[in-house]
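Before reading single residues, it helps to have the whole model in view. Please look it over, and then follow the exchange below.

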Amino acid sequence: MKYIGFKWCRFLFNPDWYTEDITYRHRVKDSIGKILVGGLYPLVGPHNLHTKFDTIAERNEKFLELCEMVANDWKGMPIMYAIASEPKELTGGWAECKPLWEEAARRIRAIDPDAFLVAPTKGYSKTEYRDW
């Protein structure tokens, strides 16, 4: 990809598997390493949020724990961390998203102050929330 002009590579992972399966976690980190060895900058993040939860509060806490886990796992690595990608589980609009992203950023920065964070904005979907 680098040879055809790409500078970065988007790499998404399953948040449930990442938090539950150590082998999957190692494979994700290995894939990030391969992207870096290939001369590209990885843009890495969970695709959607956790799906194994009973309440919204539990889902949010699992998500924030994931943020802390990846901050510890990837601290110091030259990556761009996408806090979430296409968070379809967040149906409450920007009022639900923004506080969660802010808390995620706070927790990540507490572990890795230099982390490069990318967060979805209120316009992450072109088909929803057009009245904003």
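The dialogue that follows reads the fold, one helix and its salt bridges in a predicted model.

Q: How many helices and strands are there in the protein chain, and what pattern do they follow along the sequence?
A: The protein chain holds four helices and four strands, and, read from start to end of the sequence, these elements come in the pattern β-α-α-β-α-β-α-β.

Q: What share of the contacts in the protein chain joins residues 24 or more positions apart?
A: Among contacts with a separation of 6 or more, residues 24 or more positions apart account for 74%. As for burial, 41% of the 132 residues in the protein chain are buried, while the chain exposes about 7900 Å², of which carbon and sulfur atoms supply 56%.

Q: How should I read the span of a helix, taking α3 as the case?
A: The span runs from the first C-alpha to the last and is set against what 1.5 Å a residue would give; for α3, which has 19 residues, the reach is 27 Å, close to the 27 Å expected. Just after α3 comes G76, with a positive phi of about 85 degrees.

Q: Which residues of α3 are buried, and what do they pack against?
A: The buried residues of α3 are R59, N60, F63, L64, L66, C67, V70, A71, D73 and W74, and they pack against β1 (8-13), α1, α2, β2, β3 (80-82) and α4. A general point helps in reading such a list: an α-helix has 3.6 residues a turn, so residues three or four places apart point the same way.

Q: Is R59 buried or exposed?
A: Buried means under 20% relative accessible area, and R59 counts as buried because its relative accessible area is 1%. R59 is found in helix α3 (residues 56-74), and, leaving aside neighbours within four places in sequence, R59 is in contact with L49, H50, F53, E89, L90 and E96.

Q: How many salt bridges does the whole structure have, and which residues are linked in a network?
A: A search of the whole structure finds eight salt bridges, and a network of salt bridges links E61, E68, E103, R106 and R107.

Q: Where in the chain do E103 and R107 lie, and how far apart are they in sequence?
A: Both lie in helix α4 (residues 94-111), four residues apart, which is about one turn of the helix. The closest N and O atoms of the E103 and R107 salt bridge are 2.9 Å apart. E103 is partly exposed at a relative accessible area of 23%, whereas R107 counts as buried at 14% relative accessibility.

Q: Which residue forms a salt bridge with K52, and where do the two partners lie?
A: K52 forms a salt bridge with E20, with the closest N and O atoms 3.2 Å apart. This pair links distant parts of the chain, since K52 is in the loop between β2 (41-46) and α3 while E20 is in helix α1 (residues 15-20), 32 residues apart. Both partners count as partly exposed, K52 at 42% relative accessibility and E20 at 47%.

Q: Which parts of the chain does the salt bridge of R25 with D73 tie together?
A: The closest N and O atoms of R25 and D73 are 2.8 Å apart. R25 lies in helix α2 (residues 22-37) and D73 in helix α3, so the pair ties together parts that are 48 residues apart in sequence. D73 counts as buried, at 18% relative accessibility.

Definitions and conventions
Residues numbered from 1 in each chain as written. Predicted model: local features only at pLDDT ≥ 70, side-chain atom pairs only at ≥ 80, totals over all residues. Heavy atoms only, no water. Helix = DSSP H or I, 4+ residues; strand = E, 2+ residues; numbered from the N terminus. Buried < 20%, exposed > 50% of the residue type's maximum accessible area, 1.4 Å probe, protein only. Contact = heavy atoms within 4.5 Å. Areas by Shrake-Rupley, 256 points an atom, 1.4 Å probe, with all protein chains shown as cover. Salt bridge = Lys/Arg side-chain N within 4 Å of Asp/Glu carboxyl O. Expected span 1.5 Å × (residues − 1).
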